[in-house]
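Student: I have not looked at this protein before, and I would like to go through it step by step. Could we begin with the overall picture and then turn to single residues?

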Amino acid sequence: QLQASGGGLVQAGGSLRLSCAASGRTFSTYIMGWFRQAPGKEREFVAGISRSGASTDYADSVKGRFTVSRDNAKNTVYLQMNSLKPEDTAVYYCAAKPGYSYTSRSQFDYWGQGTLVTVSS
């Protein structure tokens with residue numbers, strides 16, 4: 001089970017940190033990802049991180065502004081979002097998939113409930 005939190009209302013240029021807590025004792029065996037869905041749009045990939053955290057991947061739209069990290073001891077993955085823009089407004093979801101190495105942005109099996117991020121101009 002994945003539980004995302006940390007969303008809220010922020011002004012453009014501000015920052016937020018999202019957290020996603022996972023239950024279970026095998027968190028470190030899962031590749032984690034963050035996705036978002038804006039109103040009227042399809043869900044899109046935001047960031048991904050390998051099991052150890054050594055490898056990360058970002059959508060071009062967030063590269064240089066967002067940072068994904070994880071703490072396997074706390075069963076938690078984070079998304080630090082800086083320099084937020086109104087177009088970052090969306091429901092953000094964390095997702096997980098089993099795997100040995102990070103190879104793709106798709107085929108995530110488990111999803112959290114989402115947390116809303118609203119960026120005002």
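Tutor: Read along the sequence, this predicted model follows the pattern β-β-β-β-β-β-β-β-β-β-β. The radius of gyration is 13 Å, close to the 14 Å that the globule rule gives for 121 residues, so the protein is as compact as a globular protein of that length.

Student: How many helices and how many strands does the protein have?
Tutor: The pattern along the sequence is written with β alone, as β-β-β-β-β-β-β-β-β-β-β. Counted by element, the protein has zero helices and eleven strands.

Student: What does the C-alpha trace of the protein span along its principal axes?
Tutor: The radius of gyration, 13 Å, describes the protein by a single value, whereas the principal axes describe it by three. Along these axes the C-alpha trace spans about 40 × 25 × 25 Å.

Student: Which share of the contacts with a separation of 6 or more comes from residues 24 or more positions apart?
Tutor: Two C-alpha pairs can serve as examples of residues set apart along the chain: Phe35 and Thr89 are 54 residues apart in sequence and separated by 12 Å, while Ser106 and Gly33 are 73 residues apart in sequence and separated by 9.2 Å. For the protein as a whole, residues 24 or more positions apart account for a share of those contacts equal to 57%.

Student: What part of the exposed area do carbon and sulfur atoms supply?
Tutor: Buried residues make up 45% of the 121 residues in the protein. The protein exposes about 6400 Å², and the part of this area that carbon and sulfur atoms supply is 46%.

Student: Is Phe35 buried or exposed?
Tutor: Phe35 is found in strand S4, and, leaving aside its neighbours within four places in sequence, Phe35 is in contact with residues including Phe45, Val91, Tyr93, Arg105, Phe108 and Trp111. Its relative accessible area is 7%, and since buried means under 20%, Phe35 is buried.

Student: How far apart are the mean positions of the positive and negative charges?
Tutor: The protein carries 13 positive and 8 negative charges. Side chains of opposite charge can pair when their charged atoms come close, and the structure holds five salt bridges. Taken over the whole protein, the mean positions of the two kinds of charge are separated by 6 Å.

Student: Which residue meets Arg36 in a salt bridge at 2.9 Å, N to O?
Tutor: The partner lies in the loop between strand S8 (76-81) and strand S9 (90-98), while Arg36 lies in strand S4 (residues 30-37), so that the pair links parts of the chain 52 residues apart. Arg36 counts as buried at 5% relative accessibility, and the partner also counts as buried, at 1%. The residue that Arg36 meets is Asp88.

Student: Which residues are linked with Arg36 in a network of salt bridges?
Tutor: The salt bridge between Arg36 and Asp88 has already been described, and these two residues belong to the network. Linked with Arg36 in the network are Glu44, Arg65 and Asp88.

Student: What is the distance between the closest N and O atoms of Arg105 and Asp57?
Tutor: Arg105 lies in the loop between S9 and strand S10 (110-111) and Asp57 in strand S6 (residues 56-58), 48 residues apart. Arg105 counts as partly exposed at 38% relative accessibility, whereas Asp57 is buried, with a relative accessible area of 18%. The two residues form a salt bridge, and the distance between their closest N and O atoms is 2.7 Å.

Student: With which residue does Asp60 form a salt bridge?
Tutor: Asp60 is exposed, with a relative accessible area of 66%. The closest N and O atoms of this salt bridge are 3.3 Å apart, and the partner of Asp60 is Lys63.

Student: What is the approximate phi of Gln107?
Tutor: Most residues other than glycine have a negative phi. Gln107 is found in the loop between S9 and S10 and is exposed, with a relative accessible area of 63%. Although Gln107 is not a glycine, its phi is positive, at about 65°.

Student: Where is Asn75 found?
Tutor: Asn75 is another residue other than glycine with a positive phi, near 55°. Asn75 is buried, with a relative accessible area of 17%. Its place is the loop between strand S7 (66-71) and S8.

Terms used: Residues are numbered from 1 along each chain as its sequence is written. This is a predicted model: local features need pLDDT of at least 70, side-chain atom pairs count only at pLDDT 80 or more; totals for chains, interfaces and linings use all residues. Side-chain values use heavy atoms; hydrogens and water are left out. Helices (H or I, at least four residues) and strands (E, at least two) are DSSP runs, numbered from the N terminus. The radius of gyration is taken over C-alpha atoms; the globule rule is 2.2 Å times the number of residues to the power 0.38. Buried means under 20% relative accessible area, exposed over 50%, partly exposed in between (1.4 Å probe, protein chains only). Contact means heavy atoms within 4.5 Å. Accessible areas come from the Shrake-Rupley method with a 1.4 Å probe; for residues, only the protein chains shown count as cover. Lys and Arg count as positive and Asp and Glu as negative; His and the chain ends are not counted. The place of a charge is taken as NZ of Lys, CZ of Arg, CG of Asp or CD of Glu. A salt bridge is a side-chain nitrogen of Lys or Arg within 4 Å of a carboxyl oxygen of Asp or Glu.
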